[in-house]
Amino acid sequence: MPKMINPMRYGYILPALCGLLLLSTGAVRADGRVVDKVYHPYVQPLEREFEYRFAFQKQADHPDNNNIAQKIGYGFSIAERMALEMYVMAERVSPEDYKLSGYELELRWMLTEQGEYSADWGLLFELERQNNDDNYEFTTGVLMEKEFGPTSLTLNALAVYEWGNTLESELESEFRLQYRYRWLPQVQPAIEFYAGENFKGAGPSMMGLHRFDKQELIKWEFAVIFAINDSTVNNTLRFAVEYEF
């Protein structure tokens, strides 16, 4: 079992890292999408899941040159606090057809028990390979969630290193925020914020879950993110569904 890290001991480091990455957000990911899933820092023991994600990007200056991306993944826990997920990605830039765009391997590590401290902490590691250009991205960062009564604040502070045949090797950063109202398990409205190079966006989202039994459930989320700066991306619609068993 991985050795536990006490976030109280490093409490002054982790918030500083979040702030530093927020102030220095300087990168769009190599696939051109800043808006993606806001990760929660939790892993369930013995979890297994199938996941589907969909994202539609509308270009501000080129209404006929829009981007549709889809991602299908399968994940499972490899330790009490660690989960591994593998994805296959497809992309369509109109007016072209869909193509297999890449593969991704993701590791989530839950550092603290939920409710053990004033905030819950986790880490994220991702390795992505772009199929056609032989480009790579390695992403790592801090996941944090804190409850305020019936609401939850989730922060992702991520660092991205990219390299490959058609990319200059560089270190980038990205920030995601979600403020959620836990009204009902099935219906939870939220506000999301994203930041990266040449893009800052925010918008409403909605999510929920339906539990069939103790281990089997379906989670879903939907968001519309609008650019709040002068960006080539006008707005993004994203949708995701997970089946855990």
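How many bridges pair strand 2 with strand 3, and in which sense, parallel or antiparallel? Keep that in mind as you load the model, which is a predicted one.

**Stop 1: strands 1, 2 and 3**

Select residues 67-79, which make up strand 2, together with strand 3, residues 82-93. Here is the reply to the opening question: these two strands run antiparallel to each other, and their pairing spans 12 bridges. Follow the backbone from strand 2 into strand 3 and you will pass through a hairpin of two residues. For a landmark in this pairing, pick Ile72, whose bridge partner in strand 3 is Val88.

Now add strand 1, residues 48-59. Strand 1 also pairs with strand 2 in the antiparallel sense, this time over 10 bridges. Label Arg48 and look across to strand 2, where Phe76 stands opposite.

**Stop 2: the cavity**

Next, turn to the enclosed space. The model has one cavity of 30 Å³ or more, and its volume is about 230 Å³. To centre your view there, select Arg33, Asp36, Arg53, Ala55 and Lys71, the closest to the cavity's centre among its 20 lining residues.

Which strands should you colour around this cavity? Strand 1, strand 2, strand 5 (120-130) and strand 12 (233-244) each supply at least two lining residues. Colour the lining by residue class and you should find 12 charged residues, seven nonpolar ones and one polar one.

**Stop 3: Glu126**

Stay with strand 5 for a moment and show the side chain of Glu126, which belongs to that strand. Is Glu126 buried or exposed? It counts as buried, because its relative accessibility is 5%, and the cut-off for buried is under 20%. Display Tyr39 as well: the side chains of Glu126 and Tyr39 make a polar contact at 3.0 Å.

**Stop 4: the largest pocket**

Finish at the largest pocket, which holds about 850 Å³ of space. Its lining has 33 residues, and those closest to the centre are His40, Tyr42, Leu209, Lys219 and Glu244, so select these five to find your way in.

Then bring up the strands around the pocket. Strand 1, strand 6 (135-148), strand 10 (199-211), strand 11 (217-227) and strand 12 each give two or more residues to the lining. You have met strand 1 and strand 12 already, at the cavity. By class, the pocket lining divides into 15 charged, 11 nonpolar and seven polar residues.

Notes: Residues are numbered from 1 along each chain as its sequence is written. This is a predicted model: local features need pLDDT of at least 70, side-chain atom pairs count only at pLDDT 80 or more; totals for chains, interfaces and linings use all residues. Side-chain values use heavy atoms; hydrogens and water are left out. On a 1 Å grid over the protein atoms alone, a cavity is a set of points where a 1.4 Å probe fits but cannot get out, and a pocket is an open set with protein on both sides within 12 Å along at least five of seven lines; lining residues have an atom within 4 Å of a point. Grid points are joined across faces, edges and corners, and a volume is the space filled by probe spheres set on the points. Helices (H or I, at least four residues) and strands (E, at least two) are DSSP runs, numbered from the N terminus. Ala, Val, Leu, Ile, Met, Phe, Trp, Tyr, Cys and Pro count as nonpolar, Asp, Glu, Lys and Arg as charged, and the others, Gly among them, as polar. Two strands pair if DSSP finds at least two bridges between them. Buried means under 20% relative accessible area, exposed over 50%, partly exposed in between (1.4 Å probe, protein chains only). A polar contact is a pair of N or O atoms within 3.5 Å; within protein, one must be able to donate a hydrogen and the other to accept it, and residues adjacent in sequence count only if both atoms are side-chain atoms.
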